[in-house]
Amino acid sequence: MDFRFTPAQDAFRAEVRDFLSTLPPTRSAEEEQYLGAHDKDFSKRVAERGWIGQAWPREFGGQEMGFIERAIYTEEMITACAPVSYHFISERQMGPTLMRHGTDEQKQLIRKIASADMAICIGMSEPEAGSDLANVATRAVIDGDDYILNGQKIWTSHAQHSDMIMVVCRTNPDVPKHKGISLLLVDLKSPGISIRPLINMIGVHGFNEIFFDDVRVPRKNLLGRENEGWYILAENLDFERGGIERLVTTAKLHQELIEFMKTAPELPGGRKDALRHEIAEREIEFQVGWLLSYRVAWQFAQGLVPNYEASMSKVYGTEWTQRLARTGMHVVGAYGLMATPEQRELRRKIEDAYVNTLSHTLAGGTSEVQRNIISTRGLGLPR
Ligand SMILES: Cc1cc2nc3c(=O)[nH]c(=O)nc-3n(C[C@H](O)[C@H](O)[C@H](O)COP(=O)(O)OP(=O)(O)OC[C@H]3O[C@@H](n4cnc5c(N)ncnc54)[C@H](O)[C@@H]3O)c2cc1C
């Protein structure tokens with residue numbers, strides 16, 4: 001197997017880096033969190049380059065570029081902590097899902113995603129439906145040409161900046177749980193919707209609670225067939241889990257730690273060497289995670305939808321970000337007097353990452369759930 005990128009792919013990476021070179025250094029936990037800050041103007045600039053939905057067919061506003069290029073673009077954007085949160089989830093999950101299952105009218109939304117004029121957030125989780133997603137209780141009942149939607153979603157990322165939400169809801173309560181689920185595309189400005197912020201442990205408003213109170217949703221907004229939403233959802237999650245973005249969220253911090261250690265003073269008892277070895281371990285692991293991510297990109301390039309492979313990449317990448325943050329804390333512990341402004345800024349980043357990376361192994365399905373997928377679908381073990 002040839003692991004090298006083509007010259008055109010290298011040139012594309014250089015182009016993305018050049019585009020990102022004007023970004024100011026990050027100064028806040030919000031900018032450094034997974035998917036960065038919200039900046040619609042930045043998303044517009046990315047769209048003007050044709051990079052949102054770059055792998056999509058031209059009829060949907062794409063550039064028909066390859067999936068390896070998409071992984072390169074993602075790696076560079078997220079490593080640079082670029083503010084991609086307005087468009088990222090829509091591009092990653094909703095574009096491909098609409099392309100495969102949307103009606104002709106729903107497919108019109110894909111072009112809007114590509115031009116950064118439309119963001120669709122994902123309303124799956126509820127207070128009693130997380131890992132056991134089939135337990136959703138949000139109810140949609142037909143009334144004339146509409147569904148009437150009632151219920152609650154929780155942990156909905158970036159809903160406060162989104163235009164629509166894909167709601168996972170129950171349309172038939174009288175069949176086994178996963179057979180009565182449908183997906184509705186809902187305009188977030190519809191009467192009866194209220195969005196409440198949830199502030200995470202580092203003080204960032206990344207996700208929300210959403211309440212639906214007799215919300216009327218046109219029946220034409222049903223995505224896929226009624227009561228068959230579960231199967232579309234499983235695929236949507238594979239799109240979510242397959243990317244390189246989770247692994248590289250803390251890649252920049254990793255590099256900054258390496259730089260710090262190059263000039264850091266020696267410590268008694270060979271402690272600096274122990275830390276250097278620990279950071280070297282993280283580097284080796286990072287390379288493994290990087291290959292797992294590009295394996296998934298390669299599968300997308302072959303027209304496959306990775307399944308347990310996406311889970312492998314997700315669980316490995318997110319657990320790596322936590323290990324990296326722990327290693328950072330060991331550095332902070334050893335060099336408690338990080339006294340210069342640059343060192344204090346590094347310490348802030350490490351401390352924020354230590355807290356923030358905890359959520360990485362929950363979002364998109366917990367590590368336990370990923371391991372269940374790997375063991376049953378990957379290794380063929382019994383349920
Ligand atoms: C940063 C972040 C962003 C998120 N964004 C969104 C979003 O945009 N949209 C959305 O819908 N949701 C979102 N979520 C919610 C996320 O999908 C859920 O938190 C996740 O699926 C876990 O569900 P839960 O929190 O209800 O935990 P639970 O399902 O209650 O799990 C609790 C614990 O039990 C374990 N567990 C549960 N079932 C099993 C099992 N069968 N085998 C082994 N262990 C098990 C879990 O691994 C976990 O450790 C987000 C979460 C986070 C942290």
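Colleague: Why is the ligand said to lie between domain 2 (121-227) and domain 3 (242-378)?

Modeller: Both domains give residues to the shell around the ligand, so it lies between them. The domain bounds come from an automatic or database domain assignment. This is a predicted model: local features need pLDDT of at least 70, side-chain atom pairs count only at pLDDT 80 or more, and totals for chains, interfaces and linings use all residues. Residues are numbered from 1 along each chain as its sequence is written.

Colleague: What makes a residue part of the shell around the ligand?

Modeller: Its C-beta atom, placed from the backbone, lies within 6 Å of the molecule. 19 residues surround the ligand, and the closest are Met124, Gly130, Ser131, Thr366 and Glu368. Elements giving two or more residues are β1 (120-123), β3 (146-157) and α13 (367-378). Helices (H or I, at least four residues) and strands (E, at least two) are DSSP runs, numbered from the N terminus.

Colleague: Which residues have the most contacts inside the largest nonpolar core?

Modeller: They are Leu149, Ile165, Met166, Leu184 and Val186, in a core of 86 residues. Such a core is a set of buried Ala, Val, Leu, Ile, Met, Phe, Trp, Tyr and Cys residues joined through C-beta atoms within 7 Å. Buried means 20 or more other C-beta atoms within 10 Å of the residue's own, with C-beta atoms placed from the backbone.

Colleague: What is Leu184 in contact with, leaving aside its neighbours within four places in sequence?

Modeller: Its partners include Ala140, Tyr147, Leu149 and Val167. Contact means that the two C-beta atoms, placed from the backbone, lie within 7 Å.

Technical notes: A residue is buried if 20 or more other C-beta atoms lie within 10 Å of its own, exposed if 12 or fewer, and partly exposed in between; C-beta atoms are placed from the backbone.
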